[in-house]
Amino acid sequence: MNVDAVVLDIDGVLVDVADSYRRAILESVERVHGDTIPKDAIQSFKDASGFNNDWELTYAAALYVLASREGLDSTIEEFTDDIAANGGGLDAAENVVAEELPDDAHETVRAAWDPEHLREVFQQLYLGAELYAELEGEDLKLDTRGYINDEPVLLGSETVEALTANYPVGIVTGRPSAEADIALERVGLDVADEHRFTMDDWEQGKPHPHALMTLGERFGAERVVFVGDTLDDIRTAVNADETDSNREYVGVGVLTGGLTGESGRRKYEEAGAAAVIDSIDDLPALLGEN
C-alpha cells in the first residue's frame, strides 16, 4: 500500500478500551438507571454510525433502557437499525424514541433521562479520583480507581519507530484532548498538536471528513491511510476520498476493537476498507516497511 502519511485512531487501535470506556458505558447506565444493555450491544450502536463520542453512546443506551420500560417493543438490533436509518447518532436515537412511544410515555422517558448525571458518573468511573479532580475540577463521589488504568497498550515500540521514521503521523480520535494525551504518552507516540484532532478540536466528529482532510493538507500528502477500529473510521476515509479532489484516502480496519473475526472483517470490507489487519503492529508490513 503506497501512502505518504499515516493517521491513527486511538481507542481500539493504540490501546484496548474494552475494560475502560466500554465498561464505563455499561456501568454508568446501570448506576444511574438501575439497568443497562448487554456488553455486545455497544457494537450495535457503534455500527449504526454517529457514536464516536462515548458519552453520547451512553446517553443513547440509557434512552433505550428507559424507553423499553415505557413500552418500546424493539430489540437493541432493531433500535440501532432504526437509528442508522435516521442518520445515526444521538439525535437519531432521540427521534426513534419519540416516534415509537406515545406522547405520555415519551414524556416519562424524557423526565427520567439525565445526560448530565450520566456523564458525571462516566467520568468518575473512567478517570478515578486523582484525574477526575485534575480534569473535571471536582472531588470523586464514587469508589473507583479509574478504568483508564485498565487499558492495555496495543502499539509496539518497533511499530512506533517504523511509522515515525517513514511517515508523518497524525491522530483523529473521539477522546477529549487531555485523555488523548494520556493514551499517547502511554504508547510512546509523540504527535504535535497541529497533527491531531480530538473531541475538543472539531464539532462534527467522525465520520465527517473535515479532520482527516485537514491533516492530509497539513502533511502535504498525496495519499493518506487512516487506521481505525469502527465502521465510522472507514466511513471517514471514504467520505474524505469522495470530498477532497487533491489527494487520496484509504481506510484500514483493525480487529482489536469491537469488530473482530471474520464478521468484523466482512463489515469493514462492506464499508469500504482498503485492507483489514489483525492489529496495528501489522501496519508497517502492509505499508511495505518490513
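A salt bridge here is a side-chain nitrogen of Lys or Arg within 4 Å of a carboxyl oxygen of Asp or Glu. Keep that cut-off in mind for the domain contact in this predicted model.

Start with the layout. The chain is assigned two parts: domain 1 (5–16 + 152–287) and domain 2 (18–147). Domain 1 is thus written as two segments, 5–16 and 152–287. Measure from centre to centre over C-alpha atoms, and domain 1 and domain 2 are 25 Å apart.

Now look at where they meet. Domain 1 brings 19 residues to the contact, and domain 2 brings 18 residues. Together they bury about 1400 Å². Carbon and sulfur atoms give 48% of that area. Which three residues of domain 1 bury the most against domain 2? They are Asp16, Glu179 and Met199. This trio supplies 29% of the area on the domain 1 side.

Next, the polar links. Between the domains there is 1 salt bridge. Aspartate 47 forms a salt bridge with lysine 267. Their closest N and O atoms lie 2.9 Å apart, so the pair meets the 4 Å cut-off. Polar contacts between domain 1 and domain 2 come to 9 residue pairs, with both residues at pLDDT 80 or more.

Finally, turn to the face of domain 1 that touches domain 2. Helix 9 (177–187) supplies at least two of its residues, and so does helix 11 (231–243). What is the make-up of this side? It divides into 7 nonpolar, 4 polar and 8 charged residues.

Definitions and conventions:
Residues are numbered from 1 along each chain as its sequence is written. This is a predicted model: local features need pLDDT of at least 70, side-chain atom pairs count only at pLDDT 80 or more; totals for chains, interfaces and linings use all residues. Side-chain values use heavy atoms; hydrogens and water are left out. Domain bounds come from an automatic or database domain assignment. Contact means heavy atoms within 4.5 Å. Buried area is the accessible area (1.4 Å probe) that two parts lose on being put together, summed over both. A polar contact is a pair of N or O atoms within 3.5 Å; within protein, one must be able to donate a hydrogen and the other to accept it, and residues adjacent in sequence count only if both atoms are side-chain atoms. Helices (H or I, at least four residues) and strands (E, at least two) are DSSP runs, numbered from the N terminus. Ala, Val, Leu, Ile, Met, Phe, Trp, Tyr, Cys and Pro count as nonpolar, Asp, Glu, Lys and Arg as charged, and the others, Gly among them, as polar.
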